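Please open the model in a viewer and keep the sequence panel visible. The tour proceeds by selection, one site after another.

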Amino acid sequence: MRGALKVLAVAALAAPLLSACVIYDNTAGENVSVNVTRNDAPPAEAIREARFADGALVVRVDSNGCTQAADFEVSLADNSPTEITLRRTKQDLCKALVPDGVELRWTYADLGLEPGTPARILNPLK
């Protein structure tokens, strides 16, 4: 009886491991395509304000004293108008009190845009 219980216990533990196994036999020569999308990009940064001034995108964001433009990834979608999304890629771990946040600037050249290109910011406002 104990032997049977051990077998059942092992089978119960192994079942979940085996159920995740997928085997595909491609003997018919067909093409198989699997697209796995990792959605691990940081979320769009909530910004305080944004404007285009003097040939640059100027954005005010929260800061603990060490926030820089290099801490952000800027994504452009080739639409009309061009859609811009800012994502913070480096946390600001400083401890300064910066109640008004900081202004960051990216020129049209930094963004890879021709001066005067219509654009809009997709980030949420705080």
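Begin by selecting Tyr108, which touches Phe52, Gly55, Ala56, Leu113, Glu114, Pro115, Gly116 and Thr117, leaving aside residues up to four places away in sequence; contact means heavy atoms within 4.5 Å. The model is predicted: local features need pLDDT of at least 70 and side-chain atom pairs pLDDT 80 or more, while totals for chains, interfaces and linings use all residues. Residues are numbered from 1 along each chain as its sequence is written, and side-chain values use heavy atoms, without hydrogens and water.

Next, extend the selection to the largest nonpolar core, whose 12 residues include Tyr108, Leu113, Trp106 and Phe72. Such a core is a set of buried (under 20% relative accessible area, 1.4 Å probe, protein chains only) Ala, Val, Leu, Ile, Met, Phe, Trp, Tyr and Cys residues joined through side-chain atoms within 4.5 Å. At least two residues each come from β2 (56-61), β4, β5 and α2 (108-111); helices (H or I, at least four residues) and strands (E, at least two) are DSSP runs, numbered from the N terminus.

Now select Asp92, in the loop between β4 (82-88) and β5 (102-107). The Asp92 side chain makes a polar contact with that of Thr67 (2.7 Å), that is, a pair of N or O atoms within 3.5 Å, one able to donate a hydrogen and the other to accept it, with residues adjacent in sequence counting only if both atoms are side-chain atoms.

Finally, select Cys66 and Cys94, which form a disulfide with sulfur atoms 1.6 Å apart; the cut-off is within 2.5 Å. Cys66 lies in the loop between β2 and β3 (72-77) and Cys94 in that between β4 and β5, so the pair ties together parts 28 residues apart in sequence.

Technical notes
Buried means under 20% relative accessible area, exposed over 50%, partly exposed in between (1.4 Å probe, protein chains only).
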